[in-house]
Every structure is written in C-alpha cells, then in structure tokens.
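Good morning, colleagues. Today I should like to take you through one structure, beginning with its rings and ending with a sheet. Please have the sequence and the model before you.

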Amino acid sequence: MLMPTSASRVRFSSTLLRLSIASFSPTAYRIMASSPSSLSRASVSFAKQKQRTLSLSSALPSLSCSAPRWSHGVDWRAPLSLRVQSRTTAPGLERLERKLSTLASEHAFKGILTSLPKPGGGEFGKFYSLPALNDPRIDRLPYSIRILLESAIRNCDNFQVTKDDVEKIIDWENTSPKQVEIPFKPARVLLQDFTGVPSVVDLACMRDAMNKLGADSNKINPLVPVDIVVDLSVQVDARSKNAVQANMELEFQKHKEIFTFLKWGSSAFHKMLVVPLGSGIGHQVNLEYLGKVVFNTDGILYPDSVVGTDSHTTMIDGLGVAGWVVGGIEADAAMLGQPMSMVLPGVVGFKLSGKLRNGVASTDLVLTVIQMLREHGVVGKFVEFYGEGMGELSLADRATIANMSPEHGAIMGFFPVDHVTLQYLKLTGRSDETVSMIEAYLRANKIFVDYNEPQQERAYTSCLQLDMADVEPCVSVTKRPLDRVALKEMKAHWHARLDEPVGDEDVAKPKGERERIEYFVHTFIFGYLRARKFFVDNNEGFAVPKEEQDKVAKFSFNGQPAELKHGSVVISAITSCTNTSNPSVMLGAGLVAKKACELGLQVKPWIKMSLAPASGVVTKYLLQSGLQKYLNDLGFHIVGYGCTTCTGNSGELDESVASAISENDIVAAAVLSGNRKFKGRVHRLTRANYLASPPLVVAYALAGTVDIDFDKEPIGTGKDGKNVFFKDIWPSNEEIAEVVQSSLLPDMFKSTYEAIAKGNPMWNQLSIPSSTLYSWDPNSTYIHEPPYFKDMTMDPPGPHGVKDAYCLLNLGYSVSVTTDLISPAGSIDKDSPAAKYLLERGVAPKDFNSYGSRRGNDEVMARGTFASNCLFNRLMNGEFGPKTVHIPTGEKLYVFDAAMKYKAAGQDTIVLAGAEYGSGSSRDWSAKGPALLGVKAVIAKSFGATHRSNLVGMGIIPLCFKPGEDVETLGLTGHERYTIDLPSKISDIRAGQDVTVTTDNGKSFTCTIRFDTELELAYFDHGGILPYVIRNLIKH
C-alpha cells in the first residue's frame, strides 16, 4: 500500500451536480441554519422524528433494527406500535418548512440508491452505492474510512450531516492531516452493566421530565438498538466445580436491585436488550451473536457499526465491524439519534506476512503488535490490518488483536471483512442466506477484501510491517501491556526488577511538592495512553536488598506446611475477553493441563486459580474436547462468565497467604491472561503482575513462581520422580489445530445464544413493574432519580458566562488528570462523604460496595467526584487526597462539602487543569459529577477528547489556554475569582472562538472555547445534550 500522494481528482462537487437529489429526508431531522451565526433558539427547528415498529414500517434505515435479529433467528425485543406524532413548527419558519416539504420525499443521495440482486432472483434490498459516485478518490480510501463515508451519505440531512461532511471524508487524503471534524451516526450501542445503569437512569429521568412538561413520555426511546450485557458483576469468591452457580447467587444477592432495574429497562424501552449475568463477556457476546456485519433494515443495506462504553469495545473490529469506545453521555446521545462529532482520523496500515512459528501463541503476537504500534505512535488514529498473512490469522486471533487497541491508543484496530470473516459467521450460526447477503453487499460497495484477487493500492497515513515468523513467546511485564519481554529472558528480567529502585506505590513517602508530583505521576499516569516516557524507563523495580532476595516465608495453609518467596505466584487466572474467547489458546491451555496431569504434576494449593470464559461456548468446547477435566484437576474451575481478575474482581486471598505476604514483605506475583494488570488493579497484595497466554498461565501456576527459566529449569517433578520441563507439557500448533477442528461446532453457538432469550432462573424470577415510568424508591442507595431536569421549562436557558467564580480545585500541573481521578470506580473510603451518606441510610461498611456499582445513584456519585486519595490539588499545598480549600473561609474540606458550601451561597465554581485533562477511560460521571457540584467551566491546557465532549454534554464550558500558557506561566494560584464573559445570545458565539478570562486581582488572559461544532453550541444553549433532546422531541 502507498503513502498518500497528490494526484488530480474528480471533484466531488461536480459529482453532486450530476445527481438528481433533494436536500432532506422525510424521516430525518430537518434543521435549517442558513449560516453558523444563525444557530439560535428562534432559527433551529426539528421535524418530527418518525417512530417505527420493530417489524419495521417505513423508516430511516440508520435508526432502526430489523426483527427478528438475524443472529440465530431469535427476536429478543417484543414488537411495538408507536403512533406517528404530529409536529409543530417553530415561529417564523412556516414559509421555510413549506418550501422544504416539497423536497422532503427525497434523500440527498437518492441518485446512488442501488438495488442488490439475489443470485436466484429478486433482491436483498437497496444500498447507497459508493462506486456509483464515480469518484476515483474513493478507490484509494482505507476500508475503515469507507464505512465512515457510507454512514455520512446515508444519514445526510444537511444539518446533522451535510454534503460538506461527505466531501471531507471522500477527500480524506487531504483533509485528515488538517484535523477536520465530521459527524458519525453508529448503527447501534453496546453497554455493560456498570455503564448501562446510568444510561437507563438517564432515559428514565428523561421520561419523567417529558411527563412533567405535559408531553408524551413514550417519545423517550432509543432510536438505534441498545444492548446491555451484564458481565462486570462477577467476582471470584467461590472456586469449585459448583463455582459458577455459587458466584452467580452471590452477585444476585449483592446486585439484585441493579439487575431488577436493568430488567425493567429492557421492558420499558424499545430496542433495548439486556443480556443477563452468566451469559458471557459483552465483547465476546458482541462478536459471536450481536454483531451483524451488515444491517438490512426496511430493505436498506448498510454496514454494522457500534459504539460502546467499555474500552475493549474494539474487539468487534476483528469481525470487520467498526466499533470503538465513547463516554456514557455520548452513548446516550447516540441512542437518541444524535450524531457523534469526531476528528477525521489518520489510518496506519499494518501489513502482516508469514505465519506464527510452532509454539508461539496468538497472545504473543498481540503483545508484539501492541509494542510496535505504541512505539510508532497511533493515538487517535485508526489502524487497518492487511497483507498476505491475513489468511493465517483466525477470526479469534484478529479479535484478540483488535481487543487490545486501548493499550496502544488507536481508536480501533480494524480487520476488513474477507473469506475468514464469512467462515466465522457460518461457524457461529449465522444463516447461509445472511452470509450470502453480507458478502454480496460488501463486494458491491467495495468494502470486501478478496486476497485471491489483485489488490488495488490504498492510501495510508503511514505503514508498519511484521513477519509473524519473527514473533516469539513472551509475557507482558511490570505495569502495562505494552511492556513486553521474551519468555527466554523472563528470569533475568525478574532479577533485574528485584534489584532496581522501587516505583509506583512502592515509592517511599514523598517529601516536598516535586516528589509528591512525581509520586502522583508514577502512581496513575502509567495507565494512560499518552504517558510520559520518563516514568516508563525508571523506577520499575522492587528494591529488594541482595541479602533478602532468597527470603523464604513459611506458614501453615489448611494445616499443611507452605512457603512463599519473592516471585511466588499466588493468583493464576485465565480471564478476560481478550484471550478466553480464542479457541486455540483456550484449548491449548487444556492440552497443557492434560499433559501435566498425565505426568503427575500438581499446582500448589495456596495459589488462587480461576477460569472465567468469555462465553458459554468455551465451556461447551472444553467439555467436548475432554480437556475441562484436566483443568479442573489442577484447580482451574469455571467461576463464572464475565470480567473477573482482569477488572480487579479477583476476590480475597486466603487469610494465611495474605498474612504471609504482608508480614514478610513478599513481592508476590499474579499471572493472568487479561488485558489490564496495573498495580493494585489485580489485587492489592500482588506487586508483580504479568499478562500471558492461557497456556502460559497454566505453566506458571505449575511452576509456582515467575523466577524460572523455562528453557533450563524443570517445572516440577513427575510421578516417576523425574524432572518435567516446559517442553514436555507444551503442545504443538498441529495438536492445537486438531483439537480445535474436532471440538468447535456450530451447534454450540446456536444452543448457547438461543438460551439467552430464555434467561436463567434467578433472572427470570426478578419481579419488575409494568409501568413505563420508573417508580423511584427514595430509600434506594443504588438507583436514585437525578436532578438533571429539575425546574426545566420549554424555554432553553441560553448561554451562560461565569461571574466571580471561585476555583474549586487547582489541578494545573502539566501532567494529565485522568477520569479515574475525577470519578473513581473503586472502593468507597470509610471516612468519605459517600460513606457518610450510606451510613446515614443504614448501609454497613461491609456493604458499601464500590463507586462503580453505585453509578445509578447521583447522591453517591456526586460525593465520589474528585474523591481519589491521590488527587494532587495545588490549593492543598502539596497534600494528596480528596480535599480542597474553601477560599472564602480558608477551611480544608472534602471537595463535595466545599462545593455544596459554594452552591448554598449561590457562588459559581471553576476548575483549573493542565494538559489532557480527563484522559483515560471514558467515564460519564467525570462530567456529570462536576456538573452536580456546580462547576461551570474547566480551563485546561488540553482535554481528553471524550471527556471534552462529555463536559459539553453536561453544559460545562471547556476552555483551553493559548499555546505556551498555563496555570504556571500565568501565575494563577486558584485563590483568585474568575469571570468569563460570554454573549447572552447563542447566535453571537462561534465554535472555537477566543474568549477573555479576567480575575479579581487584575489578571486577564485569552482562552479558546472548545465548543467545536454548531451542534455543540446548540447543546450549550439548552444546558446540555439531554435537555436539548427533550425539548426538540416535545416540539416536533
């Protein structure tokens, strides 16, 4: 493939002139703004969004899902009938509406709507044909960009998506380097339980707001399919042959209220499916069942695409479905038909050749690819894989690579659909007719790759290449998945880490502001994709003195003598969507277990082992192969279907093991097949955490230590008294391929996902109300009605400036403040405002649970905003923690308490921040929380892209310092009072304009307002995206 080159092109504008088109679709929003400055409350009008049934009457194809859903022929959503509502016209626009009504029956690109014939006669449907545009630039576009192009063409209404947007995408080679923004409407939304709860709370609250305003509350319904998979609520408590049932019962006890609420949501809202606990991990369910690849809605064909609120939504990219992570507020907007604003990304082409050598697992390839992409720099870009090596990669291998996109920072790692994809679709139970339709459509629209045919050159922003024969077995060491070491070098690496200076939480108590800042950096920034290099190369060790490196901690385990050393493995987990979805590595792990058992090897009983498959299909093929027996014999019992150790739900270690570690300061190890292993995430007592393939997880469990050279040292002693080495238990690629071929059957997928529609006994026994309006329980500490729409009227509040605001926090150091710091998801500190709230309502400390589990309660989450113990707020003079200074009184208070004091006095607040404020995981509460605290603006050097969008969605003003300026250079302490003057009319504000900020001590500086599109200005005018949607649904 070629790098972008300049060439003469047929301009798209001339193509448009040749088409017989009109300006608007009858089923799309009709909003007319004659110029950017005309976007105001008086000049913006919506046409009624036509509602539809799941049996699909005529509708805009991008906003509905056909029924039954073609995945295995199961229709999960009950049909519904929605009457078409009359629409009203905003004052002053009647003449314009009459003019537009003559155009409403035609789509802007009607001229390229093309029939797709069936091989035996008839047609599959119609589609918007990219080849019909007859523009040679399209032939050079990466496949991932063609998906964006098709969506823009199909959704073009000349307001939310314009012809100019379409032209930007077609001219990608020239426009992508300019960081232009485009709108994108995904075909569907994927949520998990922790992120799905606040979204359903938002929808329920919006219905109440509609009802209070005298409107039809049933207008609040998702316009695209929304799938919520309950998978994060699985903790490794029980570990036995009955562990699945035991752990599910525990989770239903802890989270019954949450599950009941989600079940109510699936009944009350159209197009919403909740996949119950015990079905699998969301990303694997998405891959095996939910992913369509191509939609066929009302006879209109278009590519599947999805946005999700979990970082590893990108796993679906391995299926040729464009998918990536967004914040919860963006997901809410996408559900309700709003476009997402995104920078048109560059695309890095990654060419694969050759094939993996014997003994090398797909996990080894993944870790190698991560390291290459990280070093190349792909943050904010698409990565698109291609090359003759693609035929050597199974779909599961591709999904494993795509899953890990968050670890190198790309928006997605995309594998275009080819013959391997089609084979997988058939394997997982998609019908022959469906697969035939998918292939025919993608070929006709030039979005299919056939490596048996000559390949046309495509343009990429940059290119990488890897011969897979060069990949060697490896593990991911230290803190991040991208820190990789070859397996043969693991022992030497371990000893080097024992000697090296400590890092992260191991640092001695810092002294002085600079050391405190460095400590903060080492603690949190390693998990963030744009982390600075200085903390990667230094302070990665454990600083164990030479004389103590051979220390042995002896203890009693269940009455038997036991011992731990530095490097002893205490947690061994086959876990996470990344690897437990891949038959080759899962069955490979089973083969390792089989060989080990036959040789008489055993795992030390104090090692906590677990197996959490990504779907029920894994259990079926492990049983079919007979290998689950051997995994059980070693102690790898199936504990549940969901995210466990990888997300921190490893459960407690045995008390005797925990005491031995703590009392002897042992550097204990965890080896897991997950995608995240940051210190403190897996378990607070495992300082050395390693990612490895499932077969290696079993091997390290057998060895009982990471302090081993597998090439030279025995793993253990066999029943014949002889040493057993790594090579004696490691299966060949041929052995693995043979068992995969004989054990993985299409009927396994069909039976697994047909069972989802039936639910499980505990889920089915949950009783839910029949009302479409939720009955809020004022005593609930899990689900609470938020105050977003309190006192809301039909008149938008208009833009607001900031007058004499106090600084709530000064986070102005140049290193980014992640969303984990703004809105922690972990445990609730016993002395925190959230703990006080729970205690006052009779919740015992043992039942506090986590902030993540209580995301449906705004009272808890507001109190949890800025509640991190490692928050570095300059107002606190070097002290870390969730407190700030209340400027008028000088009191040091919890951030929540200070914010409430400001609000009670009617005083606005702002936040000062540094670079990349709000980076890291997408977390809607990192914007909702500050809004509830009364924060009116955030002034930062730069923002995490998703977080900036979320701030806009909550009505908070995002402002950026000018280049070269920040809190330090401007001499801002946070003790000043800040005024931000904005025009009182939204029509007088331009996207990206400069505004002046003044302080009460005479300082004045200019910032850029980060409302980046006209639509975002409309959101701000309405006080946020959700009020904007409510008002427009009522009016139109």
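Over the ring of which residue does the charged end of R146 sit? That ring belongs to Y143, and the charged end of R146 sits 4.6 Å from its centre. I should say at once that this is a predicted model. A second charge is placed in a similar manner: K883 lies over the face of Y894, at 5.0 Å from the ring centre.

Let me turn to rings that pair with other rings. The count comes to 28 aromatic pairs. One of them joins F252 and F259, whose arrangement is edge-to-face, with 4.9 Å centre to centre and 65° between the planes. The pair counts as edge-to-face because the angle between its planes is over 60 degrees. Are these two residues buried or exposed? F252 is buried, having a relative accessible area of 7%, and F259 is buried as well, with a value of 0%.

Another edge-to-face pair is formed by Y788 and F789, where the centres are 6.2 Å apart and the planes make 85°. Y788 has a relative accessibility of 18% and counts as buried, because the limit for that term is under 20%. F789 is buried too, at 9%.

Ring pairs also build a cluster, which links F261, W264, F269, Y774 and W776.

I now come to the sheet. Which strands form it, and in what order? It is an open sheet of 4 strands, arranged β14-β13-β12-β15, and the pairing is parallel. Why is one side of β14 and of β15 left without a neighbour in the sheet? β14, residues 412–414, and β15, residues 462–467, stand at the edges and each has a single partner strand, so one side of each remains without a neighbour there. From one strand to the next, the twist averages 20°.

Within this sheet, β12 covers residues 347–353 and is joined to β15 by 6 bridges, the two strands running parallel. F350 stands opposite L464 in β15.

Two helices complete the picture I wish to present. Helix α4, residues 143–154, packs on the sheet and touches β12, β13 and β14. Its direction makes about 125° with that of β13, which spans residues 382–386. Helix α11, residues 362–376, lies across β12, β13 and β15, and runs at about 150° to β15.

Thank you for your attention.

Technical notes:
Residues are numbered from 1 along each chain as its sequence is written. This is a predicted model: local features need pLDDT of at least 70, side-chain atom pairs count only at pLDDT 80 or more; totals for chains, interfaces and linings use all residues. Side-chain values use heavy atoms; hydrogens and water are left out. Rings of Phe, Tyr and Trp (its six-membered ring) pair if their centres lie within 6.5 Å; planes under 30 degrees apart count as stacked, over 60 as edge-to-face and the rest as tilted. Buried means under 20% relative accessible area, exposed over 50%, partly exposed in between (1.4 Å probe, protein chains only). A charge sits over a ring if NZ of Lys or CZ of Arg is within 6 Å of the ring centre and within 35 degrees of the ring normal. Two strands pair if DSSP finds at least two bridges between them. Axes are lines fitted to C-alpha atoms, for helices over the stretch in contact, and angles run from 0 to 180 degrees between N-to-C directions. Contact means heavy atoms within 4.5 Å.
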